[in-house]
Amino acid sequence: GRYRREQTNAKIVALTGSVGKTTTKEFLQQICRPFGATTHSHSSYNNHWGVPLSLARMSRDDEFGIFEIGTNNPGEIAPLAKLVNPHVALITRICEAHIGFLGSLQDIAKEKGDLLGGLVPEGEVILNRDDAFFDFLSARSHKAKATEIVSYGQNEKADVRLLALEPDPVRGQMAMTFASRKVTYKCRLPFLGEHRAMNALGAFAAAVSLGIEPENVCERLSTLSLISGRGQIYTLQLRQGTFTLIDDAYNANPTSMQAAFEVCSMIAPVLRGRRIVVLGEMGELGDHAVQSHAALAPLAEKSGIDLAFACGPMMAHFYEKLPASCQGGYAATIEELIPLIEDQIKPGDVLMVKGSKSSRVILLVEKLLARYLNGSEK
């Protein structure tokens, strides 16, 4: 990996953050590909194995390299950041993901901020202006001698600022208006969720820092697509009608759970359908686990959830806080829960599935897609 990094003349981006880093990375590589050969981290290859493996896949002819760097323990990001040695460093948001191993939000911010230690001389930094740790990360960027700090978000001081977002739940898309360097842009994003719009703005800022013209980047935003388990919306066919599946099963933490509830609330059931959620446990929350799971119950009620299913010991704290009318079923594992869920699905329902990878709720998604995706029920 180090050899390939030393040999390439490509412009390199490194991304980290508690949420949104994989989606932002995927958006950015989709933007860059029409403008030059691009190598990027496959899936979430972001650890001490995945990062050097991704670097080793670079070609001498690459124009761009886009690499995700993750952590769940202190001290993991710094050596990987130096290995990638990026021209552009992007940090999405700081939240409770892996707090059980990292200790506190401040400690998470410090660990994520270690990305900046790998920046090339006179490199650029992209930061979320809405994040509570923006000032802290901005100060670390200056210490790393970044030539420019580009911010994005809804904050009025953001360099790339979201001005308006108009969701179209029927078509599963959003009209976005944003401003960058005193120029206003409009595009249509082919997915739902304010958090996804933030990912798109971060990718826009990074692509412009790589030298791609802003107008060209804006055009590419309308072509973006989500990867598996990151909020794809499917219309699935039952014998007597259809239901909507929201596949957000790849991973979960309290912040991403809240964002998923917001998307679910946007999509109205049809006929006599209901909003149904299937939630798997959120991992690596340590002493915060009980409180974080219980806190999901009022979010579910606020989002208009009619029925909830839950699996995993910690998710029992969520389930027991729900009104009895909202309790669809609880089990220790997703395998035990699947038959209960399948018995409940009716035409018109909106069903969202989300949980940490360790909860294996992806098994439900796979079964539903295999059974109902192509035509009538199998």
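Guide: A salt bridge, as the term is used here, is a side-chain nitrogen of Lys or Arg within 4 Å of a carboxyl oxygen of Asp or Glu. In this predicted model, Lys25, Glu26 and Glu68 are linked in a network of such bridges.

Visitor: What makes Lys25 and Glu26 a salt bridge?

Guide: The N to O distance between their side chains is 2.8 Å. The cut-off is within 4 Å, so the pair qualifies. Lys25 and Glu26 are both buried.

Visitor: How many salt bridges are there by this rule?

Guide: The count comes to 11. One of them joins Glu148 to Arg181, with the closest N and O atoms 3.0 Å apart.

Visitor: Why is it said that Glu148 and Arg181 tie parts together?

Guide: Glu148 belongs to strand S6, and Arg181 to the loop between strand S8 (173-180) and S9; the two parts are therefore tied together although they are 33 residues apart in sequence.

Visitor: Why is Glu148 called partly exposed?

Guide: Its relative accessible area is 28%. Buried requires under 20% and exposed over 50%, so a value in between is called partly exposed. Arg181, at 58%, is over the upper limit and therefore counts as exposed.

Visitor: Asp168 and Arg171 also form a salt bridge. Why does Asp168 count as buried?

Guide: Asp168 has 17% relative accessibility, which is under 20%, so it is buried. Its partner Arg171 has 63%, which is over 50%, so Arg171 is exposed. The closest N and O atoms of this pair are 2.9 Å apart.

Visitor: Turning to the sheet, what makes strands S2 and S9 edge strands?

Guide: The sheet is open, with nine strands in the order S2-S3-S1-S4-S5-S6-S7-S8-S9 and mixed pairing. S2 (38-40) and S9 (183-189) each pair on one side only, and are its edge strands.

Visitor: How do you know that S5 pairs with S4 and with S6?

Guide: Four bridges join S4 to S5, and five join S5 to S6. Pairing needs at least two bridges, so both pairs meet the rule. S5 runs parallel to S4 and also to S6. Within S5, Leu127 is the bridge partner of Ile91, and Leu127 also stands opposite Ser151 in S6.

Visitor: Why is S5 described as mostly covered?

Guide: Five of its five residues, 124-128, are buried. Glu124, Ile126 and Asn128 are buried on one side, and Val125 and Leu127 on the other; both faces are covered.

Notes. Residues are numbered from 1 along each chain as its sequence is written. This is a predicted model: local features need pLDDT of at least 70, side-chain atom pairs count only at pLDDT 80 or more; totals for chains, interfaces and linings use all residues. Side-chain values use heavy atoms; hydrogens and water are left out. Buried means under 20% relative accessible area, exposed over 50%, partly exposed in between (1.4 Å probe, protein chains only).
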